[in-house]
Amino acid sequence: MSPEGGTTSTHHVDFHPVVVTAVTEHGASRRILASPHLRIVRADQVRSGDLIVSAFQTAAPGRLPPADYFASGPYPASPGLYYPDCGCGVCGLPEVQGRNGTVVLSTCYPWDTCDQWPTDDPVLIRPRRRLRAPSPMPRPDLP
């Protein structure tokens, strides 16, 4: 009962995990930002085939980090191990090494170098679509 004597009810409400407050200059990013499938995950949780949509700027303590759109637009993830001596020209730089480790989310596209991320950095992705289980093959009629 409510304080006024009426009946109250509770409803579960799902909120979209991302709130878009500005338009990006990159046309390829505009459509994907309306996707209800977007998720924010740690860089070490990105899976092969996920679509990387955005990185995040550093946030002040107690505040949500603002998103930073890539000039290249969304691109598919192809995670791999981080090798500081891989020879791409970027992996050995100290600024790409995270305090808690580093992961590589792509090794060629959209750049000609590795795409390194600190393991605990937030990444805005559209998760890869799960493959449906194959439909059962029709069985021939047995006599």
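Why is there no bond between the sulfur of Cys-86 and the closest cysteine sulfur, in Cys-91? In this predicted model, the two sulfurs lie 3.5 Å apart, which is too far for a bond. A disulfide would require the sulfur atoms to be within 2.5 Å. Cys-114 is likewise in no disulfide, and the nearest cysteine sulfur to it, again that of Cys-91, is 3.7 Å away. The structure as a whole holds 0 disulfides. The surroundings of Cys-86 and Cys-114 were also assessed. Cys-86 has a relative accessibility of 38% and is therefore classed as partly exposed. Cys-114 has a relative accessibility of 12%, so Cys-114 is classed as buried.

Confidence varies along the protein chain. The average pLDDT is 75, and 62% of the residues score at least 70. Among the elements, strand E5 has the highest mean pLDDT, at 91. Strand E3, residues 67-69, has the lowest, at 65. Where pLDDT is low, the predicted coordinates should not be read in detail.

Strand E5 spans residues 102-106. Of its 5 residues, 5 are buried, so the strand is largely enclosed by the rest of the structure. Its partner is strand E6, residues 115-118. The two strands run antiparallel and are joined by 4 bridges. Within this pairing, Val-103 stands opposite Trp-117. Val-104 has Gln-116 as its bridge partner. The residues of E6 point in two directions: Asp-115 and Trp-117 one way, Gln-116 and Pro-118 the other. All four of these residues are buried.

Val-103 also has contacts distant in sequence. Beyond residues up to four places away, Val-103 touches Asp-115, Gln-116, Trp-117 and Thr-119, together with Ala-43, Asp-44, Gly-80 and Tyr-82. Val-103 and Trp-117 both belong to the largest nonpolar core, which has 12 residues. Leu-105 is a further member, as are Val-41, Ala-43, Val-46, Ile-52, Ala-55, Tyr-75, Ala-77, Val-123 and Ile-125. At least two residues of this core come from each of strand E2 (51-56), E5 and strand E7 (122-126). Another core, of 7 residues, lies apart from it. Its members include Ile-32, Leu-33, Phe-56 and Leu-124.

Charged side chains form 2 salt bridges. One links Arg-42 to Asp-44, with the closest N and O atoms 2.8 Å apart. Arg-42 has a relative accessibility of 36% and so counts as partly exposed. Asp-44 is also partly exposed, because its relative accessible area is 39%. Asp-44 is, in addition, one of the residues touched by Val-103. A salt bridge also joins the side chains of Arg-47 and Asp-50, at 3.9 Å from N to O. The distance lies within the 4 Å cut-off for a salt bridge. Here the burial of the partners was compared. Asp-50 has a relative accessible area of 2% and is therefore buried. Arg-47, with a relative accessible area of 27%, is partly exposed.

Terms used
Residues numbered from 1 in each chain as written. Predicted model: local features only at pLDDT ≥ 70, side-chain atom pairs only at ≥ 80, totals over all residues. Heavy atoms only, no water. Buried < 20%, exposed > 50% of the residue type's maximum accessible area, 1.4 Å probe, protein only. Pairing = 2+ DSSP bridges. Core = buried A, V, L, I, M, F, W, Y, C linked by side-chain atoms within 4.5 Å. Contact = heavy atoms within 4.5 Å. pLDDT = per-residue confidence, 0-100.
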